[in-house]
Amino acid sequence: QLAVGLLDIFGFENFQQNSFEQLCINIANEQLQYFFNQHIFTWEQQEYMSEGIQVEIIQFADNRPVLDMFLAKPLGLLALLDEESRFPQASSASLVEKFHCNIKSKSYLRPKGHDTEFTIKHFAGKVTYEVDHFLDKNKNFLPTEIIHLLRQSTHEIIRFLFQCPLTKTGNLYYATPRGSLPSSAADVSPSSTGSKS
């Protein structure tokens with residue numbers, strides 16, 4: 001029997017107007033794409049070669065530079081957003097200008113004539129984001145009661161994700177200790193256990 005298998009990266013969003021929610025969803029999809037690339041291509045091929053099995057090397061587009069552009073500190077897009085969110089006088093225009101001045105990536109495009117937009121070349125295509133309300137939405141946080149409830153979960157992974165201390169504003173403070181879950185694409189290596197959030 002002949003069959004064709006298609007892998008559909010579900011959830012990737014590109015609407016007429018894209019905001020903070022679409023950015024978060026599309027970053028998660030970039031991480032899924034990277035995870036699939038590592039497991040299906042890179043690590044499988046390495047395992048074949050280590051066992052002496054002849055394998056034809058499959059070329060694929062590595063989206064790690066895009067993930068690094070989003071997740072790197074101190075000049076990744078999310079780090080810059082967090083930084084700008086701390087300034088009382090920050091605006092959509094000051095945020096997008098900070099992005100334009102600091103993000104040096106082939107995947108980041110500055111549209112002409114739009115004061116509060118930027119475009120990202122994702123693995124699934126170009127998406128233009130409108131930064132209005134990015135700052136307000138980035139300041140939203142889980143109520144303290146919800147965080148305490150999640151810390152008492154019967155699922156170990158949920159307890160782990162919410163064990164970090166709370167800041168004065170009620171946000172989780174992420175200072176990932178060595179040996180814990182990887183915090184970015186740069187922390188994932190073939191020797192990782194494969195547990196990735």
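**Reading contacts and strands in a predicted model**

Modeller: Let's start with one contact: Arg110 and Glu97 form a salt bridge, with 3.4 Å between their closest N and O atoms. The term stands for a side-chain nitrogen of Lys or Arg within 4 Å of a carboxyl oxygen of Asp or Glu. Here the pair links distant parts of the chain, since Arg110 sits in the loop between β1 and β2 and Glu97 in helix α4, 13 residues apart.

Biologist: Before we go on, what kind of model is this?

Modeller: This is a predicted model, where local features need pLDDT of at least 70 and side-chain atom pairs count only at pLDDT 80 or more, while totals for chains, interfaces and linings use all residues. Residues are numbered from 1 along each chain as its sequence is written, and side-chain values use heavy atoms, leaving out hydrogens and water.

Biologist: And how are the helices and strands picked out?

Modeller: They are DSSP runs numbered from the N terminus: helices are H or I with at least four residues, and strands are E with at least two.

Biologist: Back to that salt bridge: is Glu97 buried, partly exposed or exposed?

Modeller: The general idea is relative accessible area: under 20% is buried, over 50% is exposed, and in between is partly exposed (1.4 Å probe, protein chains only). At 34%, Glu97 counts as partly exposed. Elsewhere, salt bridges that share partners join Glu83, Glu84 and Lys98 into one network.

Biologist: How many salt bridges are there?

Modeller: The count comes to five. Take the one between Lys98 and Glu83, whose closest N and O atoms are 2.5 Å apart. Lys98 belongs to helix α4 and Glu83 to helix α3 (residues 77-85), so this contact ties together parts 15 residues apart in sequence. Lys98 is buried at 14% relative accessible area, whereas Glu83 is partly exposed at 30%.

Biologist: What about Glu84 and Lys98: what is their N to O distance?

Modeller: Their side chains meet in a salt bridge at 2.9 Å, N to O. Glu84 is in helix α3 and Lys98 in helix α4, so this pair ties together parts 14 residues apart in sequence. Glu84 counts as buried, with 7% relative accessibility.

Biologist: Next, how is a pair of aromatic rings described?

Modeller: By the distance of the centres and the angle of the planes. In detail, rings of Phe, Tyr and Trp (its six-membered ring) pair if their centres lie within 6.5 Å; planes under 30 degrees apart are stacked, over 60 edge-to-face, and the rest tilted. The count by this rule is eight aromatic pairs. One of them joins Phe41 and Phe60: the centres are 5.0 Å apart and the planes at 15°, so the pair is stacked. This contact links distant parts of the chain, with Phe41 in helix α1 (residues 20-50) and Phe60 in the loop between α1 and α2 (64-71), 19 residues apart. Phe41 is partly exposed at 21%, and Phe60 is partly exposed at 27%.

Biologist: How do Phe99 and Phe118 pair: stacked or edge-to-face?

Modeller: Edge-to-face, with 5.3 Å centre to centre and 80° between the planes. Phe99 is in helix α4 (residues 92-102) and Phe118 in strand β2, so to speak two distant parts of the chain, 19 residues apart. Both Phe99 and Phe118 are buried. These two also belong to one aromatic cluster with Phe20, Tyr108, Tyr129 and Phe134.

Biologist: Now the strands. In what order do they lie in the sheet?

Modeller: Two strands pair if DSSP finds at least two bridges between them. The result here is an open sheet of three strands in the order β1-β2-β3, with antiparallel pairing. Its edge strands are β1 and β3, each pairing on one side only.

Biologist: How many bridges join each pair of strands?

Modeller: Strand β1 (residues 108-109) pairs with β2 over two bridges, and Tyr108 has Ile120 in β2 as its bridge partner. Between β2 and strand β3 (residues 125-130) there are six bridges, with Thr128 in β3 as the partner of Thr119. β2 and β3 form a hairpin with two residues between them.

Biologist: Why is β2 described as largely enclosed?

Modeller: Five of the six residues of β2 (residues 117-122) are buried, so the strand is largely enclosed by the rest of the structure.

Biologist: Last one: how many disulfides does the structure hold?

Modeller: A disulfide is a pair of cysteine sulfur atoms within 2.5 Å, and the structure holds zero. Cys24 is partly exposed at 37% relative accessible area, and Cys101 is partly exposed at 44%.
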